[in-house]
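Grab a coffee and open your viewer: here is a short set of exercises to work through at your own pace. Try each task before you read the solution below it.

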Amino acid sequence: MTKNSGLWYQMREIVVETGEIALFARRFFREVFNPPYEFRELLKQSYIIGNKSIFLVATTGFIMGLVLTLQTRPTMSQFGAEAWMPAMVGISIVREIGPVITALICAGKIGSSIGAELGSMKVTEQIAAMEVSGTNPFKYLVITRVVAATLMVPLLVIIADGVALTGSYLVEHVKGNVSMQLYFSQVFRNITFGDLVPATVKTFFFGFAIGIVGCYKGYTSKKGTAGVGRAANSAVVVSSLFLFIIDFIAVLIADIFFEL
Amino acid sequence: MEDNNRLIQIRDLCKAFGENKVLDHFNLDLHAGENLVLVGKSGSGKSVLLKCMVGLMEYDSGSLQVLGQEIRGMGQYELDKLRTDIGFLFQGSALYDSMTVRENLSFPLRRHPEKIAGASEDDLIQEALENVGLAHAIDLLPEELSGGMQRRIALARTIILKPRIILYDEPTSGLDPITAKEIIHLILEIQQLYHTAALIITHDMDCARVISNRMIILLNGTNYAEGTFQELQTNQDPQVRAFFK
């Protein structure tokens with residue numbers, strides 16, 4: 001067994017890394033409200049994150065809605081509960097499946113892309129070049145990307161939810177001859193404030209986690225081009241883990257305030 | 001040279017990484033209009049020294065003054081302001097690869113409008129590109145440029161804020177001999193045009209011979225030998241002679 005493979009060593013590494021990410025996030029909050037503001041770069045990053053992920057997110061959402069309805073319909077039929085299909089699928093997608101699956105896809109697409117981009121800029125000294133030209137690279141590179149991810153992931157989740165419900169409606173229409181008006185009125189009648197608000201609020205935290213972990217991994221990447229690959233890879237792994245932790249905490253809090 | 005011409009003054013500078021002392025009571029002066037070449041073995045601390053000069057790396061002890069200001073303890077605002085008077089040409093050019101040549105050059109200008117002083121951004125970009133002979137490359141991306149062209153564009157970006165000092169980190173490394181000669185002559189032209197002082201780190205003795213007014217050999221973290229190229233070339237010390245073989 002090597003020195004670095006022990007359980008104790010690995011646990012210590014996790015704690016150290018979590019602490020470093022927390023310090024990185026603290027720097028973000030200290031600098032985000034101070035001028036100068038990089039609005040142009042923020043808009044560019046929002047466009048890149050939103051526009052380049054929308055097709056993937058929409059396709060996944062559509063398949064998610066189709067599959068969920070196809071898989072659950074036979075069981076619901078056995079109990080004569082087909083009429084509850086729109087409500088069940090709607091609540092599942094809006095509360096949990098839509099936000100978590102979309103966030104995981106964004107962690108893969110956005111997190112890795114940010115990690116690789118900043119990692120590559122770090123090893124080719126582009127970040128140092130920004131610094132010596134009298135520009136704060138943290139503001140230009142990190143703050144813009146984290147804010148863009150925080151704002152865009154909730155929008156992508158809303159789009160994915162909408163497309164997933166459309167996919168689910170198509171199955172219901174084909175299998176159960178349910179009209180669009182009936183399907184969506186059933187969905188919206190059963191979705192409550194307590195379903196919608198916590199699910200939406202947690203997506204902002206998902207976006208923030210994806211942005212901050214991706215930026216941290218890229219910004220602190222080391223050891224040349226191999227480090228860039230590691231930064232991209234671990235950005236996905238760590239942000240996915242954070243998403244599940246945030247989701248768990250969000251469900252606990254929602255349970256206290258909205259009695260799920 | 002007179003002391004009021006001194007742009008960089010380093011006294012007893014020390015920097016270590018763990019047990020490895022890369023700079024050990026190192027001293028250096030750079031005067032206005034001077035081209036000072038620093039040579040040393042790989043890993044001898046030359047790039048570390050440059051990074052300390054622009055505040056990219058902290059030094060352990062000693063004094064490092066650039067344009068009369070001690071780098072250690074400077075606030076971020078003061079440091080950023082000072083950095084606009086120091087140009088830095090990176091070894092690998094370090095062009096922003098997601099931006100065109102125009103955007104690479106406008107990046108420092110937009111963040112320091114006080115340096116433009118009424119001139120138009122486009123005119124300054126055009127002037128800088130013409131001075132490095134690449135006005136036609138304005139809308140190209142770095143990936144569309146050869147290594148030599150990238151180095152020229154990086155030099156254009158370095159001079160666009162009209163710095164008083166330019167730090168060159170191995171300006172000819174990775175270039176073929178012909179392109180390297182072109183870059184060497186370009187550095188001399190830029191110095192005459194912009195009246196800058198330059199500190200050049202290089203392994204290329206041809207480069208050192210053509211460019212330098214004075215040379216320092218960095219060995220074991222100290223300034224082991226100092227003089228003009230000719231003086232050092234005729235030095236009988238075997239460690240100094242090793243650099244000229």
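The exercises below go from whole chains to single residues, and the model they use is a predicted one.

**Exercise 1. Describe the secondary structure and overall dimensions of chain A.**

Solution.
- Start with the elements: chain A has eight helices and zero strands.
- Read from the N terminus, the order is α-α-α-α-α-α-α-α.
- Next, take the box along the principal axes: the C-alpha atoms of chain A fill roughly 65 × 50 × 35 Å.
- Then look at burial, where 50% of the 260 residues of chain A count as buried.
- Finally, consider the contacts in chain A between residues at least 6 apart in sequence: 82% of them join residues at least 24 apart.

**Exercise 2. Work out how the size of chain B relates to the globule rule.**

Solution.
- Begin with the elements of chain B, which come to nine helices and 10 strands.
- The radius of gyration of chain B is 18 Å, close to the 18 Å that the globule rule gives for 245 residues, so chain B is as compact as a globular protein of that length.
- For the dimensions, the C-alpha trace of chain B spans about 50 × 45 × 35 Å along its principal axes.
- Buried residues make up 53% of the 245 residues in chain B.
- As for contacts in chain B with a separation of 6 or more, residues 24 or more positions apart account for 66%.

**Exercise 3. Set out the surface and the charges of each chain.**

Solution.
- Take chain A: about 13300 Å² is exposed, and carbon and sulfur atoms supply 69% of it.
- Turn to chain B: its accessible surface comes to about 10800 Å², with 47% belonging to carbon and sulfur atoms.
- Now count charges. Chain A carries 21 positive and 17 negative side chains, with the centres of the two sets 7 Å apart.
- Chain B carries 24 positive and 34 negative side chains, and here the centres of the two sets lie 3 Å apart.

**Exercise 4. Characterise the aromatic pair of A:Phe138 and A:Tyr219.**

Solution.
- A search over all chains finds 16 aromatic pairs.
- In the pair of A:Phe138 and A:Tyr219, the ring centres are 5.8 Å apart and the planes meet at 90°. An angle over 60 degrees counts as edge-to-face, and that is the label for this pair.
- Place the two residues: A:Phe138 is in helix 5 (residues 137-176) and A:Tyr219 in helix 7 (residues 193-219) of chain A, so the pair, 81 residues apart, links distant parts of the chain.
- Check burial against the cut-off of under 20% relative accessible area. A:Phe138 has 0% and is buried; A:Tyr219 has 11% and is buried as well.
- Widen the view: ring pairs link A:Phe24, A:Phe138, A:Tyr216 and A:Tyr219 into a cluster.

**Exercise 5. Which aromatic pair does A:Tyr140 form, and what does the pair join?**

Solution.
- The partner of A:Tyr140 is B:Phe107, in an edge-to-face pair with 4.9 Å from centre to centre and 90° between the planes.
- A:Tyr140 lies in helix 5 of chain A and B:Phe107 in helix 3 (residues 101-111) of chain B, so the pair joins two chains.
- Both residues are buried: A:Tyr140 has a relative accessible area of 8%, and B:Phe107 has 3%.
- Look along helix 3 of chain B for its buried residues, among them B:Val101, B:Leu105, B:Phe107 and B:Leu109.
- The buried residues of this helix pack against helix 4 and helix 5 of chain A, together with helix 4 (121-131) and helix 5 (147-159) of chain B.

**Exercise 6. Is A:Ser133 buried or exposed, and which residues does A:Ser133 touch?**

Solution.
- Locate A:Ser133 in the loop between helix 4 (126-132) and helix 5 of chain A.
- With a relative accessible area of 11%, A:Ser133 is buried.
- Leaving out residues up to four places away in sequence, A:Ser133 touches B:Thr84, B:Tyr96, B:Phe107, B:Pro108, B:His112 and B:Leu161.

**Exercise 7. Describe the setting of A:Leu56.**

Solution.
- A:Leu56 sits in helix 2 (residues 39-78) of chain A.
- Its relative accessibility is 39%, and A:Leu56 counts as partly exposed.
- Apart from neighbours within four places in sequence, A:Leu56 is in contact with A:Ile105 and A:Lys109.
- For a distance, A:Leu56 and A:Gly211 are 18 Å apart in space, C-alpha to C-alpha, and 155 residues apart in sequence.

Technical notes:
Residues are numbered from 1 along each chain as its sequence is written. Chains are lettered from A and ligands numbered from 1 in the order in which they are written. This is a predicted model: local features need pLDDT of at least 70, side-chain atom pairs count only at pLDDT 80 or more; totals for chains, interfaces and linings use all residues. Side-chain values use heavy atoms; hydrogens and water are left out. Helices (H or I, at least four residues) and strands (E, at least two) are DSSP runs, numbered from the N terminus. The radius of gyration is taken over C-alpha atoms; the globule rule is 2.2 Å times the number of residues to the power 0.38. Buried means under 20% relative accessible area, exposed over 50%, partly exposed in between (1.4 Å probe, protein chains only). Contact means heavy atoms within 4.5 Å. Accessible areas come from the Shrake-Rupley method with a 1.4 Å probe; for residues, only the protein chains shown count as cover. Lys and Arg count as positive and Asp and Glu as negative; His and the chain ends are not counted. The place of a charge is taken as NZ of Lys, CZ of Arg, CG of Asp or CD of Glu. Rings of Phe, Tyr and Trp (its six-membered ring) pair if their centres lie within 6.5 Å; planes under 30 degrees apart count as stacked, over 60 as edge-to-face and the rest as tilted.
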